[in-house]
Amino acid sequence: MVQFSSIFTGFRKSLAIKNGRKSGHDFGREVANTLAKEAKKNELMLTSSGCVAGGSKNLVSFFSKGGKKGINQDRFIVWEDFGCQDDMIFCGVFDGHGPWGHLVAKRVRKLMPPALLHNWKKRVVNYIDGDGIGIDRSCFQFDIWKQSYFEACSTIDQELEQHADSFYSGTTALTLVRQGDLLVVANIGDSRAVLATTDDDGRLVPVQLTVDLKPNLPRESQRIMQSRGRVLSCDDEPGVYRVWMSNGGTIEGPGLAISRAFGDYYLKDFGLISEPELTSRSITNRDQFAILATDGVWDVLSNKEAVEIVSSTPQREEAAKRLVESAICAWKCKRRGIPMDDISAICLYFHSIPPSKQEDCLKFEKKLT
């Protein structure tokens with residue numbers, strides 16, 4: 001059976017209230033926006049490099065470093081006690097692109113958490129009022145988040161269309177919600193989420209939770225071509241496939257190296273979509289942490305290398321910073337002559353560090369010094 005906290009009952013009543021000329025839908029969005037403002041005021045929502053280690057079980061480390069292509073267009077957010085739920089946390093990284101990508105990424109970062117929260121609470125209330133009480137708990141939770149994400153992302157993309165700077169600019173969006181032991185990851189673009197878990201031999205191994213949504217993926221390229229878009233790799237960028245708008249046999253406009261994004265409205269009629277791809281996982285004692293990072297990390301580091309860097313960091317609070325700095329070093333060695341991309345990472349730990357591990361970390365730190 002699914003059980004709910006008292007906050008849902010209060011929220012259900014709020015939705016039924018007519019506040020002047022406001023509909024229940026508008027009032028619900030207002031409640032979600034108010035919760036976001038309160039979270040930021042109480043430092044439960046952070047958008048600059050640092051660490052969150054509050055009353056919940058989660059410890060989150062996050063860090064960002066601008067590249068050599070101009071202004072840092074990466075943005076990220078961590079919201080602890082997401083929606084006043086002490087068993088929930090929201091994390092997200094957004095990689096802007098185009099001349100105004102930093103503005104689009106910042107706008108999506110602001111819109112996404114309250115939009116998702118509003119749709120999630122609305123669906124929970126609907127299930128309480130309807131026939132959803134007796135269903136399987138894990139299936140119920142994931143279905144609620146899936147539908148909430150779809151509606152939230154659709155709403156956000158419609159709102160962005162009102163801003164002219166979103167026509168030739170956009171952003172990816174990789175977000176994660178932890179609700180108790182349920183992990184839900186939603187991906188739009190080519191940022192990546194990787195889980196670190198322990199195998200039967202006690203070794204820490206990476207599990208990739210998302211797929212890099214590139215135009216040359218078969219299912220992505222098929223959708224693009226069915227929408228009159230083109231997927232091509234130019235001679236000056238061998239192996240880099242982009243979405244192009246086409247006019248008959250003529251290719252027009254700039255190409256985009258991802259198949260899903262917010263914004264970029266010049267390509268929306270040619271196969272580019274903002275629908276997220278979702279995955280879920282039930283966290284066990286074997287699962288240690290998750291990494292969310294923009295492609296600036298994955299262009300130069302493998303999943304295994306990233307997990308090893310994070311796991312070997314003596315102080316968890318420094319994990320994201322060390323991962324980003326390692327990626328910077330890798331760019332200098334592996335991609336000489338190529339301007340470094342913006343690099344951002346979030347490291348979400350699932351369990352408190354045991355005393356034995358603390359001793360190992362101290363020994364490792366002494367070796368480094």
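This report describes the chain as a whole, its nonpolar cores, its aromatic pairs, its cysteines and a few single residues.

## The chain as a whole

The structure is a predicted model, and the values given here are computed from it. Its chain has 369 residues, of which 50% count as buried, and its secondary structure comes to nine helices and 17 strands. Among the contacts in the chain with a separation of 6 or more, 68% are accounted for by residues 24 or more positions apart. The chain exposes about 17400 Å², and carbon and sulfur atoms supply 50% of that area.

## The nonpolar cores

The largest nonpolar core holds 38 residues, and the members that touch the most other members are Trp 79, Phe 82, Phe 90, Trp 145, Tyr 149 and Phe 262. Several elements each supply at least two residues of this core, namely helix 2 (24–41), helix 3 (101–129) and helix 4 (137–160), together with strand 4 (74–80), strand 5 (88–97), strand 7 (173–179) and strand 8 (182–188). The largest share, ten residues, comes from helix 3.

Tyr 149 gives a view of this core from one residue. Leaving aside residues up to four places away in sequence, Tyr 149 touches Phe 90, Met 112, Leu 116, Thr 175, Leu 176, Val 177, Val 184, Ala 186, Pro 276 and Leu 278. A second core of 28 residues is separate, and it includes Leu 59, Trp 298, Val 310 and Ala 345.

## Aromatic pairs

A search of the whole structure finds eight aromatic pairs. In one of them, the rings of Trp 79 and Phe 82 have centres 4.9 Å apart and planes at 80°, so this pair is edge-to-face, the class for angles over 60 degrees. Trp 79 and Phe 82 are both buried, and with Phe 90 they form one aromatic cluster. These three residues are also among the members of the largest nonpolar core that touch the most other members.

Another pair joins Phe 289 and Tyr 349, whose ring centres are 5.5 Å apart and whose planes stand at 55°, an arrangement that counts as tilted. This pair links distant parts of the chain, since Phe 289 belongs to strand 16 (residues 287–293) and Tyr 349 to strand 17 (residues 343–349), with their positions 60 residues apart. Phe 289 has a relative accessibility of 3% and therefore counts as buried, and Tyr 349 is buried as well, with a relative accessible area of 4%. A ring also takes part in an arrangement with a charged residue: Lys 268 lies over the face of Tyr 265, at 4.6 Å from the ring centre.

## Cysteines

A disulfide is a covalent bond between the sulfur atoms of two cysteines. In this model the count comes to zero disulfides. Cys 333 is in no disulfide, and its nearest cysteine sulfur, that of Cys 329, is 6.8 Å away; because a disulfide needs cysteine sulfur atoms within 2.5 Å, this distance does not qualify.

The cysteines described here differ in their surroundings. Cys 153 is buried, with a relative accessible area of 1%, whereas Cys 333, at 57% relative accessibility, counts as exposed.

## Val 307 and its contacts

Val 307 has its place in helix 7 (residues 303–311) and is buried, with a relative accessible area of 2%. Not counting residues up to four places away in sequence, Val 307 touches Val 194, Ala 196, Leu 204, Pro 206, Phe 289 and Ile 291. One of these contacts, Val 194, is 113 residues apart from Val 307 in sequence, while the two are 8.1 Å apart in space, C-alpha to C-alpha. Another, Phe 289, is the residue of strand 16 that pairs with Tyr 349.

## Positive phi angles in one loop

Most residues other than glycine have a negative phi. Asp 81, however, has a phi near 55°, a positive value, and Cys 84 has a phi near 65°, also positive. Asp 81 lies in the loop between strand 4 and strand 5, and Cys 84 is found in the loop between strand 4 and strand 5 too. At 22% relative accessibility Asp 81 counts as partly exposed, while Cys 84 is exposed, with a relative accessible area of 53%.

Technical notes: Residues numbered from 1 in each chain as written. Predicted model: local features only at pLDDT ≥ 70, side-chain atom pairs only at ≥ 80, totals over all residues. Heavy atoms only, no water. Phe/Tyr/Trp six-rings, centres within 6.5 Å; stacked < 30°, edge-to-face > 60°. Buried < 20%, exposed > 50% of the residue type's maximum accessible area, 1.4 Å probe, protein only. Helix = DSSP H or I, 4+ residues; strand = E, 2+ residues; numbered from the N terminus. Lys NZ or Arg CZ within 6 Å of the ring centre and 35° of its normal. Core = buried A, V, L, I, M, F, W, Y, C linked by side-chain atoms within 4.5 Å. Contact = heavy atoms within 4.5 Å. Areas by Shrake-Rupley, 256 points an atom, 1.4 Å probe, with all protein chains shown as cover.
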